[in-house]
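Reader: Let's go through this one label by label. I'd like to hear how each term is earned, with the values set against the cut-offs.

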Amino acid sequence: MDWVDDIRINLSAAERRVSSLSGRRTVKNDAQAAWLLKAVACIDLTTLNGDDTAGRVKRLCAKARAPVRADILAALGFADRVVHTGAVCVYHRFVATAVEALEGSGIPVAAVSTGFPAGLVPHDLKLREIDASVQDGASEIDIVITREHVLKRDWQALYQEVKEFRAACGDAHLKTILATGDLKTLRNVAKASMVCMMAGADFIKTSTGKEGVNATLPVTLVMLRMIRAYQERTGYKIGFKPAGGISTAKDVLNYQFLMKEELGRDWLEPTLFRIGASSLLADIERQLEHHVTGRYSAFNRHPVG
């Protein structure tokens with residue numbers, strides 16, 4: 001518990017740190033295109049809507065296989081490269097559909113689980129949902145923590161919960177969603193991040209995308225600092241996934257810059273960095289088309305799912 005008890009956060013310093021990004025770091029032309037292509041490879045292409053259908057999921061998987069149009073890739077000199085997204089993220093109901101649609105692509109399927117997004121179903125049902133998604137072929141499980149544990153500062157309960165989720169995942173990667181917009185303070189975010197990593201999380205993730213406030217740069221900075229502290233103490237590299245509200249190419253560049261500055265080059269790869277998004281991909285493809293043609297196209301020319 002001393003690892004958790006010792007955590008302190010300076011809110012004003014965190015805000016100053018991230019406010020400097022846009023004025024201090026910029027990339028243009030070919031360099032920007034390269035950063036955006038790297039971002040595409042880190043996207044968890046997501047559909048988590050009440051009106052999802054098997055057809056929509058299949059279209060999303062087709063886009064994940066070919067996220068950038070062939071003519072744009074050819075103009076960028078990537079005609080002979082395989083470019084696909086980092087994963088496809090769906091509800092448990094559509095895991096088998098996505099696994100079948102992505103067969104042979106090497107793209108993993110991530111399933112949101114444990115009563116997503118609120119996480120208030122009985123604990124035994126959470127474990128059964130994880131097991132069912134793994135049995136259907138999901139190789140990544142995005143779980144939601146019980147926010148009450150954090151708000152009551154019951155760190156032992158949070159640790160035990162995530163530890164049992166980790167065991168239920170087996171060989172599947174565990175991504176723990178903190179729902180940071182519900183946790184009230186950056187100190188709570190920092191402590192929850194540390195506890196989840198100690199309990200066996202492979203990734204820590206900001207949000208479900210359903211909260212009033214989702215991924216932000218100050219929250220990201222705090223979580224990255226916890227990842228760095230955990231690596232320094234244990235030698236283990238933990239991944240990071242911001243999700244919710246990242247919808248433009250400009251947005252994602254700031255997250256990439258912060259990852260590079262705080263954790264280094266390894267955290268720009270999909271093994272350690274994922275972006276939970278849907279509409280983001282359309283804007284990246286639109287920006288890449290502008291780079292090679294000099295013209296902006298309408299968003300409806302870049303459908304995602």
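Author: Pairing comes first: two strands pair if DSSP finds at least two bridges between them. Strands here are DSSP runs of E with at least two residues, while helices are runs of H or I with at least four, and both are numbered from the N terminus. Bear in mind that this is a predicted model: local features need pLDDT of at least 70, side-chain atom pairs count only at pLDDT 80 or more, and totals for chains, interfaces and linings use all residues. Residues are numbered from 1 along each chain as its sequence is written, and side-chain values use heavy atoms, with hydrogens and water left out.

Reader: How do you know that β2 and β3 pair?

Author: Three bridges join β2 and β3 in the parallel sense. The rule asks for at least two, so the pair passes. One bridge puts Val90 with its partner Ala111 in β3. On the β1 side, β2 again has three bridges, also parallel, with Leu45 opposite Val88 in β2.

Reader: What makes the sheet open, and in what order do its strands run?

Author: Eight strands line up as β7-β6-β5-β4-β3-β2-β1-β8, with parallel pairing. β7 (239-241) and β8 (275-277) are at the edges with a single partner strand each, so one side of each has no neighbour in the sheet. From one strand to the next, the twist averages 25° (axes are lines fitted to C-alpha atoms, for helices over the stretch in contact, and angles run from 0 to 180 degrees between N-to-C directions). At one edge, β6 (residues 203-205) and β7 share three parallel bridges, and Lys205 has Lys241 of β7 as its bridge partner.

Reader: Why do you say both faces of β2 are covered?

Author: Buried means under 20% relative accessible area, exposed means over 50%, and partly exposed is in between (1.4 Å probe, protein chains only). In β2, Ala87 and Cys89 on one side are buried, and so are Val88 and Val90 on the other. Side chains in a regular strand alternate between the two faces of the sheet.

Reader: Why is Trp3 with Tyr230 called edge-to-face?

Author: Rings of Phe, Tyr and Trp (its six-membered ring) pair if their centres lie within 6.5 Å; planes under 30 degrees apart are stacked, over 60 edge-to-face, and the rest tilted. That rule yields three aromatic pairs. For Trp3 and Tyr230, the centres are 6.4 Å apart and the planes meet at 80°, so the pair is edge-to-face. Trp3 belongs to helix α1 (residues 2-5) and Tyr230 to helix α12, 227 residues apart. Trp3 has 25% relative accessible area, hence partly exposed, whereas Tyr230, at 10%, is buried. Tyr91 and Phe116 also go edge-to-face, at 5.9 Å and 75°. Tyr91 comes out partly exposed at 24%, while Phe116 is buried at 11%.

Reader: What makes a nonpolar core, and which residues have the most contacts inside the largest one?

Author: A nonpolar core is a set of buried Ala, Val, Leu, Ile, Met, Phe, Trp, Tyr and Cys residues joined through side-chain atoms within 4.5 Å. The largest has 92 residues, and Leu158, Ile227, Ile275, Ile284 and Leu288 have the most contacts inside it. Helix α12 (residues 217-234) gives the most to this core, with nine residues. A second, separate core of seven residues includes Leu48, Cys89, Val112 and Phe116. Back to Ile275: beyond four places in sequence, its contacts (heavy atoms within 4.5 Å) include Ala39, Ile43, Lys241 and Leu280.

Reader: How do you know that the length of α14 agrees with what it should span?

Author: The expected span is 1.5 Å times one less than the number of residues. With 15 residues, α14 (residues 279-293) should span 21 Å, and its end C-alpha atoms are 22 Å apart, which agrees. Its buried residues, including Leu280, Ile284 and Leu288, are covered by elements including α4 (29-41), β1 (43-46) and β8. Just after α14, Gly294 takes a positive phi of about 80°. As for α4, its 13 residues reach 19 Å, close to the expected 18 Å.

Reader: Is Arg56 buried, partly exposed or exposed?

Author: Partly exposed: its relative accessible area is 22%. Arg56 lies in helix α5 (residues 54-65) and, apart from residues up to four places away in sequence, touches Thr47, Asn49 and Asp51.
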